[in-house]
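Thanks, everyone. Let me put the structure up, and then we will walk through it strand by strand and loop by loop.

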Amino acid sequence: MKIRLLLLSAALLSYNVSFGRDCDGGLSPEVTETEITATGHEAPPAAPANIEPDAFRISSIDSALFARIDGRSYKKGCRIPPSELRYLTVLHIGFDGATHRGEMICNRAIADDLLEIFRTLYEACYPIARMVLIDEYDADDTQSMEANNSSAFNYREIRNTGKLSAHSYGYAVDINPLFNPCVIVRNGQTTVDPEAGAPYADRTRVFVGKIDHDDLCYKEFRKHGFIWGGDWKSLKDYQHFEKPVESAHQ
């Protein structure tokens, strides 16, 4: 397990194209008490420099993009027409402190919300490890989570239920899933998904990238009408934000 986590950490640091260290000093998920503010989170670095005019953009799903997702996140039998989906391109700060380009597909009803949220997080130097289409992992949710990849649309069922996930409609988003795993406790047994996220299942620990009620990511998603999986009773899905269908179309 330790070797696996080390490999995942190395992969995170090598990810994506860097546009310069806009936020001074990289952010490590493990921090000492002297680096923690009174709110329990590491003090944010300086804000990024000038933002490119088209850095945060919403686009329709064109033929080239559909070819990337067809048969992967857009599986056979998918009942969501491509016209209902939108492609987001954004900037985000990685845990290396550098600016990276991110991409995400979501339902058109929440596209504006997500663009505003990610812009706010970027300007605050909030760290997001990775943001590429889940199709880069052949739409395998476990592989994407283990890579700490933030994603949204993926036409799939909720595990062990036979019901379609909110991700199937593009209404749900997972943020830094390795550091914010799904934790289920039943009959005295704890299940952590992904398994590699087990070290981060203890939410009493202090580490950068942890989503809780004091976290900026949580506050921004809630401000835009999303619910958080960390507030659920039957399980705790700390990575998960989704917007109820009726709210998304208002």
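Start with β5 and strand β8, residues 236-237: 2 bridges join them, and they run antiparallel. For the register, take V183, whose bridge partner in β8 is K236. Keep in mind throughout that this is a predicted model.

β5 covers residues 182-186, and 5 bridges join it to β6, again antiparallel. Here C182 stands opposite D193. The hairpin of β5 and β6 has 2 residues between the strands, and N187 takes a positive phi there, near 55 degrees.

Now follow the chain out of β6. The loop between β6, residues 189-193, and α5 holds P194. What is the peptide bond from D193 to P194, cis or trans? It is cis, with omega near 5 degrees. So much for that loop.

Next, the open sheet. Which order do its 3 strands take? The order is β4-β9-β7, with antiparallel pairing. β4, residues 172-174, and β7, residues 227-228, are at the edges. Each has a single partner strand, so one side of each has no neighbour in the sheet. Between β7 and β9, residues 240-242, there are 2 bridges, and the two strands run antiparallel. To fix the register, W228 has F241 of β9 as its bridge partner.

A helix packs on this sheet: α5, residues 216-223. α5 touches β4, β7 and β9, and its direction makes about 15 degrees with that of β9.

Which residues of α5 are buried? They are C217, Y218, E220 and F221. These residues cover an arc of only 165 degrees around the axis, so they sit on the same side of α5. The general rule is familiar: an α-helix has 3.6 residues a turn, so residues three or four places apart point the same way. What covers the buried residues of α5? The cover includes α3, residues 111-123, along with β4, β7 and β9.

Look at the two ends of α5. At the start, a side-chain oxygen of D215 comes to within 3.2 Å of the backbone nitrogen of C217. After the helix comes G225, with a positive phi near 90 degrees.

On to the core. The largest nonpolar core has 36 residues. Which of them touch the most other members? L114, F118, F221 and F241 do. β2, β3, α3 and α5 are the elements that give two or more residues to this core. α3 gives the most, with 7 residues. F221 has come up already, as one of the buried residues of α5. F241 has too, as the bridge partner of W228.

Take F118 as an example. Leaving aside residues up to four places away in sequence, F118 touches F56, V90, L91, M104, I128, M131, V173 and I175. There is also a second, separate core, of 12 residues. Among them are C78, Y87, L133 and Y155. As background, nonpolar side chains tend to be buried together in soluble globular proteins.

Now a loop with a polar residue in it. D96 lies between β2, residues 85-93, and β3, residues 99-107. Is D96 buried or exposed? Its relative accessibility is 13%, and the cut-off for buried is under 20%, so D96 counts as buried. What does its side chain reach? A polar atom of the D96 side chain lies 3.0 Å from the backbone nitrogen of A98. The side chains of D96 and H100 are joined by a polar contact of 3.1 Å.

Two backbone oddities to finish. A139 is not a glycine, yet it has a positive phi of about 60 degrees. A139 is in the loop between α3 and α4, residues 141-146. With a relative accessible area of 10%, A139 is buried.

The other is N148, also not a glycine, with a positive phi of about 60 degrees. Where is N148? In the loop between α4 and β4. N148 is at 0% relative accessibility, so it counts as buried.

That is the tour. Questions, please.

Notes:
Residues are numbered from 1 along each chain as its sequence is written. This is a predicted model: local features need pLDDT of at least 70, side-chain atom pairs count only at pLDDT 80 or more; totals for chains, interfaces and linings use all residues. Side-chain values use heavy atoms; hydrogens and water are left out. Two strands pair if DSSP finds at least two bridges between them. Helices (H or I, at least four residues) and strands (E, at least two) are DSSP runs, numbered from the N terminus. Contact means heavy atoms within 4.5 Å. Axes are lines fitted to C-alpha atoms, for helices over the stretch in contact, and angles run from 0 to 180 degrees between N-to-C directions. Buried means under 20% relative accessible area, exposed over 50%, partly exposed in between (1.4 Å probe, protein chains only). The arc is that of the directions from the helix axis to the C-beta atoms. A polar contact is a pair of N or O atoms within 3.5 Å; within protein, one must be able to donate a hydrogen and the other to accept it, and residues adjacent in sequence count only if both atoms are side-chain atoms. A nonpolar core is a set of buried Ala, Val, Leu, Ile, Met, Phe, Trp, Tyr and Cys residues joined through side-chain atoms within 4.5 Å.
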